[in-house]
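Please look over the model below. The report that follows covers backbone oddities, cysteines and helices.

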Amino acid sequence: MRSKRMAAISFNPRLNVQGGRKNHGVVVEEIAGLIRVYGDGHVERPPIIPSAPCMVTNGVVSKDVAIEKFTNLWTRIYVPSYSSKMPLLVYFHGGGFCVGSASWRCYHEFLAALASKAGCVVLSLNYRLAPENRLPAAYDDGINTLMWVKQEARNGTNEHKWWLNQCRFSSLFLAGDSAGANIAYNVAIRSYGISGSSIKPLILKGMILIQPFFGGEERTISEMHATQPANSALSLSVFDTYWRLSLPLGANRDHPWCNPLAEGAITLRELKLPAAMVCISEKDILKDRNLEFCNALASAGKWVETRMYEGVGHAFQILHNSQFSQIRTQEMMAHLKAFIKQ
């Protein structure tokens, strides 16, 4: 069954019509329907995924809040109607570091449902995108968000009491899917990893990495041979393009931000990491790399819970609403709730 949501975001060639706009020269990089980069640096992102306004959804209140005006950093905050204080989950959306928004309807629906079912306050971050802002800009935005939450937790203003008063700051989780999972991991390393926590009174209890977007120069078997579902959100060519657009100029896919297991990267054994939950899709080209990362965490003595979702591909929980994918998404929701509550 073809997903209605996937049908809604299929590539529309009419969005490419330049219609009197400035000529920006040749196209140097493109992912059809998602992003086009011109030789003069101009970037186009067709509006193919609708945005959702803030609203009350199943008892969950959502509002957009500015964090830093200079970088236009903002977050969409979801607060379910619970009587007791709740864990705080900071979420980073996917999109290969290059596309995506905290206002996209698919993320709004997923995170409103997660806030309700898992009983947590969710901050969905709208971080800066590449190639205009290559890595580590997204990591910097993640750290700046934690510093902002830390200051609000200490000196909260009346303006933010509507969500601050609902948070149990001793239970902070960093989470994300795809590139967002990569950001969550790298923010965890920066805020917690080597010299201990620098974010008190926040206490980082765990990280949730959904189909984490890692890479490497050497191809894995699943990257080369995985059977992709129809309308897959990630192919090998798209994977390579995202990395070319997001890594520092001159870096290859064995840069530590892409390949945390590469030679020269900080060894996992050296890092102080919170408990991790890694969600893997059976038909994702990232499956083997995700499994390798989980095995490396376990070998380094880290606490890791690995969940495999059969018969689905990359970002199924966001971009597919077939009945089969919905069943798998409900499984994921139950696993996320259990991990947050333990």
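Is Phe97 buried or exposed? Phe97 is buried, because its relative accessible area is 2% and the cut-off for buried is under 20%. Bear in mind that this is a predicted model.

**Backbone oddities**

Phe97 sits in the loop between strand S7 (86-92) and H2. Its phi is positive, about 70°, although Phe97 is not a glycine. Gln211 is another such case: its phi is near 50°, and it is not a glycine either. Gln211 belongs to the loop between S10 and helix H6 (221-225). With a relative accessible area of 0%, Gln211 is buried. Gly119 also has a positive phi, about 65°, and follows just after H2.

Two cis peptide bonds deserve a look; they are set out here.

| Peptide bond | Omega | Loop holding the proline |
|---|---|---|
| Leu135 to Pro136, cis | near 20° | Pro136: between strand S8 (121-126) and helix H3 (137-155) |
| Lys200 to Pro201, cis | near 15° | Pro201: between helix H5 (179-193) and strand S10 (204-210) |

**Cysteines**

A disulfide is a covalent bond between the sulfur atoms of two cysteines. How many disulfides does the model hold? With a cut-off of 2.5 Å between sulfur atoms, the count is zero. Cys120 is in no disulfide, and the nearest cysteine sulfur, that of Cys167, lies 9.7 Å away. Cys120 has 1% relative accessibility, so it counts as buried. Cys258 is in no disulfide either; its nearest cysteine sulfur belongs to Cys98, 12 Å away. At 0% relative accessibility, Cys258 counts as buried.

**Helix H2**

H2 covers residues 105-118, which makes 14 residues. How far apart are its end C-alpha atoms? They are 20 Å apart. At 1.5 Å a residue the expected span is 20 Å, so the two values agree. Several H2 residues are buried: Cys106, Tyr107, His108, Phe110, Leu111, Ala112, Leu114, Ala115 and Ala118. An α-helix has 3.6 residues a turn, so residues three or four places apart point the same way.

**H2 against H10**

Two packed helices are described by the angle between their axes and the distance between the axes. H2 packs with helix H10 (residues 323-341) at an angle of about 50°, and the axes are 9 Å apart. Angles from 65 to 115 degrees count as roughly perpendicular and those under 35 degrees as roughly parallel. H2 and H10 are therefore oblique to each other. The crossing of H2 past H10 is right-handed.

Which residues make the contact? H2 contributes Phe110, Ala113, Leu114, Lys117 and Ala118. From H10 come Thr329, Gln330, Met332, Met333, Leu336, Lys337, Ile340 and Lys341. Among the H2 contact residues, Phe110, Leu114 and Ala118 are also buried.

**Helix H3**

H3 has 19 residues. The expected span is 27 Å at 1.5 Å a residue, and the end C-alpha atoms are 26 Å apart, which agrees. Its buried residues are Ala137, Ala138, Tyr139, Asp141, Gly142, Ile143, Thr145, Leu146, Trp148, Val149, Lys150 and Glu152. Charged side chains are on that list too: Asp141, Lys150 and Glu152 are among the buried residues of H3. The loop before H3 holds Pro136, whose peptide bond from Leu135 is cis.

Notes: Residues are numbered from 1 along each chain as its sequence is written. This is a predicted model: local features need pLDDT of at least 70, side-chain atom pairs count only at pLDDT 80 or more; totals for chains, interfaces and linings use all residues. Side-chain values use heavy atoms; hydrogens and water are left out. Helices (H or I, at least four residues) and strands (E, at least two) are DSSP runs, numbered from the N terminus. The expected span of a helix is 1.5 Å times one less than its number of residues. Buried means under 20% relative accessible area, exposed over 50%, partly exposed in between (1.4 Å probe, protein chains only). Axes are lines fitted to C-alpha atoms, for helices over the stretch in contact, and angles run from 0 to 180 degrees between N-to-C directions. Angles under 35 degrees count as roughly parallel, over 145 as roughly antiparallel, 65 to 115 as roughly perpendicular and the rest as oblique. A crossing is left-handed if the near helix is turned anticlockwise from the far one by less than a right angle, and right-handed if clockwise. Contact means heavy atoms within 4.5 Å.
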